[in-house]
Amino acid sequence: MPNETMKRVVVVGSTGAGKSTLAEQLAAGLDGAFVDLDALNWGPNWTPAPLDVFRARAAAALTVERWAVAGNYRNLRDITWGRADTLVWLDYPLPLIMGRLLRRTVRRIVTQEELWGGNRETLRMQFTGRDSILLYAARTYARRRREITAELARPEHEHLTVWHFRRPAETAAWLADRLAEWRV
């Protein structure tokens with residue numbers, strides 16, 4: 001049975017760090033819901049949901065007792081971070097993230113993997129367009145690190161147990177320990 005001190009987890013970090021993968025694994029271990037904020041936000045043709053709709057979707061998804069949420073959306077922090085008891089920060093080096101992101105993007109393009117709202121990544125979008133996820137990750141990396149550091153210092157987030165990982169091996173060891181604990 002999952003530890004009673006960890007029921008609601010937010011996983012944050014740079015684009016491509018592995019937030020969704022880890023949150024999905026944590027949700028399974030917690031026997032809870034996996035909440036992908038991108039899935040709640042993106043509609044067809046990469047159209048974002050209106051903010052009030054997005055916030056309502058997120059609030060509804062987090063009404064269950066146990067969950068793990070993946071995403072960095074600042075305009076939802078009061079809902080996600082405010083309701084969480086644990087925050088996991090995947091703070092990996094930019095070269096590692098870019099390599100992961102490149103592999104993921106190429107895989108999605110080749111397989112035509114359907115993403116949120118029926119969207120798909122395209123060669124043009126990701127490698128020649130201004131909406132490239134690779135450019136976005138490079139542009140937001142340093143800012144995201146500063147924002148998360150600043151947010152964690154705020155009094156309204158003192159309730160969070162924070163796990164800050166700088167290497168995937170640290171994250172993997174921590175996850176393996178949690179899953180082993182929860183199986184007992």
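**Exercise 1. The nonpolar core**

How many residues does the largest nonpolar core have, and which of them have the most contacts inside it? Keep in mind that you are working with a predicted model.

*Solution.*
Step 1. Start with the count: the largest nonpolar core has 20 residues. Those with the most contacts inside it are Val9, Val11, Leu22, Leu26, Val88, Leu90 and Trp174.
Step 2. Next, look for the elements behind it. Strand S1 (8-13), helix H1 (19-30), strand S5 (67-70), strand S6 (86-90) and helix H8 (168-183) each supply at least two residues of this core. H1 gives the largest share, five residues.
Step 3. Now zoom in on Val11. Beyond its neighbours within four places in sequence, Val11 is in contact with residues including Leu22, Leu26, Val69, Val88 and Leu90.
Step 4. Add the background: in soluble globular proteins, nonpolar side chains tend to be buried together.

**Exercise 2. The sheet**

Find the order of the strands in the sheet, and explain what is special about the edges.

*Solution.*
Step 1. Read across the sheet: five strands form an open sheet in the order S2-S5-S1-S6-S7, with parallel pairing.
Step 2. Go to the edges. Strand S2 (33-36) and strand S7 (161-165) each have a single partner strand, so one side of each is left without a neighbour in the sheet.
Step 3. From one strand to the next, the twist averages 15°.
Step 4. Check the pairings one by one. S1 and S5 are joined by four bridges, and Arg8 has Trp67 in S5 as its bridge partner. Five bridges link S1 with S6, where Val11 is partnered by Val88. S6 and S7 are also joined by five bridges, with Trp89 opposite His164 in S7.

**Exercise 3. Inside strand S6**

Work out how S6 sits in the structure and which way its side chains point.

*Solution.*
Step 1. Count the buried residues: five of the five residues of S6 are buried, so the strand is largely enclosed by the rest of the structure.
Step 2. Sort them by direction. Thr86, Val88 and Leu90 point one way, while Leu87 and Trp89 point the other way.

**Exercise 4. Two loop residues**

Decide for Asp85 and Pro155: buried or exposed?

*Solution.*
Step 1. Locate them. Asp85 lies in the loop between helix H4 (77-83) and S6, and Pro155 in the loop between helix H7 (133-152) and S7.
Step 2. Apply the cut-offs: buried means under 20% relative accessible area, and exposed means over 50%. Asp85, with 13%, is buried, whereas Pro155, with 56%, counts as exposed.
Step 3. See what surrounds Asp85. Residues it touches, leaving out those up to four places away in sequence, include Thr5, Arg8, His159 and Thr161. The side chain of Asp85 also makes a polar contact with the side chain of Thr86, at 2.7 Å.
Step 4. Compare sequence with space: Pro155 and Trp81 are 74 residues apart in sequence and 12 Å apart in space, C-alpha to C-alpha.

**Exercise 5. One face of a helix**

Where do the buried residues of H3 fall when you look down the helix axis?

*Solution.*
Step 1. Identify the residues: in helix H3 (residues 51-61), Phe54, Ala58 and Ala59 are buried.
Step 2. Look down the axis. The buried residues of H3 fall within an arc of 130°, so they line one face of the helix.
Step 3. Ask what lies over them: helix H2 (37-41) and H4 are among the elements that cover the buried residues of H3.

Technical notes:
Residues are numbered from 1 along each chain as its sequence is written. This is a predicted model: local features need pLDDT of at least 70, side-chain atom pairs count only at pLDDT 80 or more; totals for chains, interfaces and linings use all residues. Side-chain values use heavy atoms; hydrogens and water are left out. A nonpolar core is a set of buried Ala, Val, Leu, Ile, Met, Phe, Trp, Tyr and Cys residues joined through side-chain atoms within 4.5 Å. Buried means under 20% relative accessible area, exposed over 50%, partly exposed in between (1.4 Å probe, protein chains only). Contact means heavy atoms within 4.5 Å. Two strands pair if DSSP finds at least two bridges between them. Axes are lines fitted to C-alpha atoms, for helices over the stretch in contact, and angles run from 0 to 180 degrees between N-to-C directions. A polar contact is a pair of N or O atoms within 3.5 Å; within protein, one must be able to donate a hydrogen and the other to accept it, and residues adjacent in sequence count only if both atoms are side-chain atoms. The arc is that of the directions from the helix axis to the C-beta atoms.
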